[in-house]
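User: I should like to learn how to read the features of a model such as this one. Please give the general idea each time and then the case at hand.

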Amino acid sequence: MEWETVIGLEVHVQLLTKSKLFSGSSTRFGAEPNTQACAVDIALPGVLPVMNKEAARMAVKFGLAVGATINRRSVFARKNYFYPDLPKGYQISQYELPVVQLGRLVIDVDGERKEIGITRAHLEEDAGKSLHEEFEGLTGIDLNRAGTPLLEIVSEPDMRSAREAVAYLKKLHVLVRYLGICDGNMQEGSFRCDANVSVRPKGQHAFGTRAELKNINSFRFVEKAIEYEIARQIDLIEGGGKVVQETRLYDSVRNETRSMRSKEEAHDYRYFPDPDLLPLQLEAGFIEETAKSLPELPDAKRERFVREYGLTAYDAEVLTGAHEMADYYEAAVGAAPGQSKLTANWVIGDLSGYLNRDNLEVAAAPVTADMLAGLIRRIADNTISGKIAKEIFEAMWGGEGDADAVIEKKGLRQITDGSAIERAIEDIMARNPKQLEQYRCGQEKLFGFFVGQVMKATQGKANPAQVNELLRKKLSGTPA
Amino acid sequence: MSLDRTDVERIAHLARLEVGEQELAAYAETLSRILGLIEQMNAVDTEGIAPMSHPLDAGMRFRADEVTETDQREVFQSIAPSAQAGLYLVPKVIE
Amino acid sequence: MHRPFGSLILPMSMHEKSLAELSTALNNKYISSHELTLAYLDRIEAHRDLNAFVTVDRARALKQAQAADARLKSGQSNVLTGIPIAQKDIFCTDGLPTTCGSRMLANFVAPYDATVIQKFNAAGCVLLGKTNMDEFAMGSSNETSFFGPVHNPWDRRCVPGGSSGGSAAAVAARLAPAATGTDTGGSIRQPAALTGITGLKPSYGRVSRYGMIAFASSLDQGGPMARSAEDAALLLNVMAGFDPRDSTSVDRPVPDYTRTLDESVAGLRIGLPREYFGEGLGTEVGRVIEAALDQYRKLGAKVVEVSLPNSRLAIPCYYVLAPAEASSNLARYDGVRYGYRAPEYADLWEMYAKTRAQGFGAEVKRRIMIGTYALSAGYYDAYYLKAQKLRRLISGDFDRAFEHCDVIMGPTSPTTAFEFGSKTDDPVAMYLSDIYTISVNLAGLPGMSIPAGFDGSRRPIGLQIIGRYFDEARLLNVAHKYQQVTDWHLRVPEGF
């Protein structure tokens, strides 16, 4: 039988606010346990929540960016359950009325565009962390994360393959970073994904029973976990079994998903409107003001790069994959006018390579956009060759100054003086009579040998085109 | 509506309250009586009435996104039943 | 309104003075805050059998009094500087136990001050002690306190009402010049009525709830409990005001509540809800309320009949909403970060279930269970949502009634103080004690109880005055005018 996969994603995006959703504690990652857990976060008797306005602004930003409806009135509810990392015994979340509803995101898989619906995005607070390792037989609770603002973004079950799911997730990842509402750090848990996966016979309208996959904290694991889960479900059904609706944990070491048995006896969260908080009412002015603050979004930027800089769709896609990279590119092109393609090659090639090698963010690159533009200008005006440029780039990366300084210091200026190149050629011909003889007897592949010798003698500085031209004349014996 | 022992067990479980076998019947009886009182509500037709969740007819009050709290871990954990190395300790959570 | 003092004031008689009189005495240095505080501490000690206080820290109180004396000397004082105040043990107090009448918090020393406490500190008041109360403010008799019941100073066999029974008894017995209370369904007004003192539940949002341990967040409100409306006005001047830490506190200016106390009540329209005078109202209570209304007529007020047709539904509605909110508010007491933890447990589940079973008393557990049930899957619409709709109807009744009157009057409680144990076996009977007070909380309106007489057994009877939203000044004015022509509020139980 032919099977169709149905995938919906729930993504928890940690908002980049300085303080928590309902308290004035810092949200900074990596502090000593419980040093960023104030009276409100640890739920002392008598404390009350007061909402962070920036979190509302960020949620609205997201909603506008995905073309969603912004609900002018939404409600915070309490989701009641007991867990040691949930200090109040309830999580403040939005239930019936979320702040954002009905948006969409367009993904591109193998050149095919597809619209993925966004059902809703709602604000809620994060829980703390349970640490199981350090104390024998006991669990340690760190509440630093408790109360950190999250935007939970729920997609429609519109994805039909693991690759589509990953494309959606990557698109979302780029978007929230563009908007400046999330740092996107998956290792630190700032961008977390749960996947609802089910399969059904192709052509069947009704959905199959779904499993919820948790703990998939990298793009690669999302793809692998979903692939595994699809195979498991198909095997199960074809073997006469039935998929059970349950939560499954992905184990990246074994590359398998397994049932989180027992965790739940049936949940009964007893949602009700939080009486400590009044409805989240958003003024039209607030929404308009937020709309004005929206940056250029990834799709618009990509199209503009193709149009304005004459880049290929691929190059534009890569360059706009992160707004920091796009900004770097635009700054560099601005300082090296007319060199948009060459600049794109350098940013996508060497710059990205070095950043990866040194595990650096583009903002921390030792070669700034201005410095790269300086280098590109010297390539363009023939001061240096592309090959020498790579050497200069490495020197700049190592902190040896800008391109002109490195060229000067290392004497890397390209030799374009014909007589100097001729002298070098003559010298080499004189020292290699045997090769000259063979060349002149028809072994033309020795041409490469002579090019190499000339470049070596000029320490690579000779203009390659000139070398070729002069060498051909000299070797054939015709007078210059 | 009256509650039986199973209902009481289910509610007590949700509320994380240990209720002894011998208390179940008494709880069922008392809670049923309270529910009897509550069900006087049914005498009134509330069709079309908007629920009122709060006496205040106003919108959310906001605070600015500023860090205003400082570390008070030592003070807070001095009153904790069990804390070590800055963490609150509880019996092992089984996942 | 200030009666002049004699030249020689003995601390012995201090407890008979009003706040205004005490303020004059302190500011004129007839007496020091230290002397005054000591006098009250001694009275508390002498009447420990009332069990009105859970915590009294003499050394701390006296130290605070000395600081107040320094402030009085420096001229940096307010009206209430140096006056000792008893605080209901529901307000968190930095460095002092805050128990909320529960075993769950018997060992809980709050690491911060409630906003109300901060305001009293800023005014230079002395924290005399923390008063006993029904556990987590759930009760109408003070019998649910983990620390044992409070005795009514008018009749020690009787309850003082609840949940602010300790504060009520302390003020009635003159163990404190004034006290604070909190009122979710009548917890200030009903004990005020049963002990013959003046109590005011302000409009929802008038007094900050920050640091006031939550019972039912959409109903709870702190307020003053005092000997007179004038004293209550002075306390409310300190307590009221916007608090950025409480999202439900209202940002409206606070008037000086003493300024309008003396305004005439001639022409005042008093609404009398016919539903408050039917079945269940004690005949003696009814007679006293009638007499009080006559007094108001003499002052030039007009009495008009109004109707609150849905008021009979207030109790069922309240006993869904308050327990539902409470079941969630009390989930934080889990033995993890503070408070009681059961000594023995096999695993996390047992730690939770035993901690909560042992830490909470019977009434609290009953309400948690009712609330949990009302919110649980399949029952939410029938109970919680239905109750919220009724709340709208009850609130609307008041809106319509206030089209015809300026204040509403009636009994605070259907009966006078009842004997210990007479209702403990029947929670439903106990719940009916709040039949006249609960709807006011559901609507978020201000309500007051003032002493208006006694029954044949010399047990006090309270007159309830209900006002429009944020009309506290009017309530205090209306109460004050009555107290100018009556002396019920000056009566002190025998032996005090």
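Analyst: Let us begin with secondary structure: helices (H or I, at least four residues) and strands (E, at least two) are DSSP runs, numbered from the N terminus. In this predicted model, local features need pLDDT of at least 70 and side-chain atom pairs count only at pLDDT 80 or more, whereas totals for chains, interfaces and linings use all residues. Residues are numbered from 1 along each chain as its sequence is written, while chains are lettered from A and ligands numbered from 1 in the order in which they are written. As a case, Leu281(C) sits in the loop between β7 (269-273) and α8 (283-298) of chain C.

User: Why is Leu281(C) classed as partly exposed?

Analyst: A residue is buried if 20 or more other C-beta atoms lie within 10 Å of its own, exposed if 12 or fewer, and partly exposed in between, with C-beta atoms placed from the backbone. Leu281(C) is partly exposed because 18 other C-beta atoms lie within 10 Å.

User: Which residues does Leu281(C) contact, leaving aside its neighbours within four places in sequence?

Analyst: Two residues are in contact if their C-beta atoms, placed from the backbone, lie within 7 Å. With those neighbours left aside, Leu281(C) is in contact with Gly286(C), Pro411(C) and Pro414(C). Tyr210(C) is 71 residues from Leu281(C) along the chain, and 36 Å separate their C-alpha atoms.

User: How many residues of helix α7 (residues 229-239) of chain C are buried?

Analyst: The helix is mostly covered, with eleven of its eleven residues buried. Among them are the charged residues Glu230(C) and Asp231(C), together with Leu234(C), Leu235(C) and Leu236(C). After α7(C) comes Gly241(C), whose phi is positive, near 135 degrees.

User: What is the confidence in chain A, and how is it expressed?

Analyst: pLDDT is the predictor's confidence in each residue, from 0 to 100. Its average over chain A is 90, and 98% of the residues score at least 70. Among the elements of chain A, the lowest mean, 79, belongs to helix α11 (residues 403-410) and the highest, 98, to strand β2 (residues 51-52).

User: How should the overall form of chains A and B be read?

Analyst: The radius of gyration is taken over C-alpha atoms, and the globule rule is 2.2 Å times the number of residues to the power 0.38. Chain A has 30 Å, against near 23 Å for a compact globule of 480 residues. Chain B has 22 Å, where a compact globule of 95 residues would be near 12 Å. Along the principal axes, the C-alpha atoms of chain A fill a box of roughly 95 × 55 × 50 Å, and those of chain B one of roughly 55 × 45 × 25 Å. Chain A contains 15 helices and 17 strands, whereas chain B has three of each, in the order α-α-β-α-β-β. Of the residues of chain A, 43% count as buried; in chain B, buried residues make up 31%.

User: Which domains does chain A contain?

Analyst: Domain bounds come from an automatic or database domain assignment. For chain A it gives domain 1 (3-289), domain 2 (296-410) and domain 3 (418-476). The centres of domain 1 and domain 2 of chain A, taken over C-alpha atoms, are 36 Å apart. Each of these two domains brings six residues to their contact. Helix α2 (residues 162-178) of chain A gives the largest share of the domain 1 side, four residues.

User: How is a nonpolar core recognised?

Analyst: A nonpolar core is a set of buried Ala, Val, Leu, Ile, Met, Phe, Trp, Tyr and Cys residues joined through C-beta atoms within 7 Å. In soluble globular proteins, nonpolar side chains tend to be buried together. Here the largest core has 268 residues, and those with the most contacts inside it include Ala195(A) and Ile85(C). A second, separate core of 35 residues includes Phe305(A), Val333(A), Trp346(A) and Phe393(A).

User: How is the interface between chains C and B composed?

Analyst: Residues are sorted by class: Ala, Val, Leu, Ile, Met, Phe, Trp, Tyr, Cys and Pro count as nonpolar, Asp, Glu, Lys and Arg as charged, and the others, Gly among them, as polar. In this interface, 54 residues of chain C contact 37 residues of chain B. α12(C) supplies the largest share of the chain C side, eleven residues. That side divides into 32 nonpolar, eleven polar and eleven charged residues.
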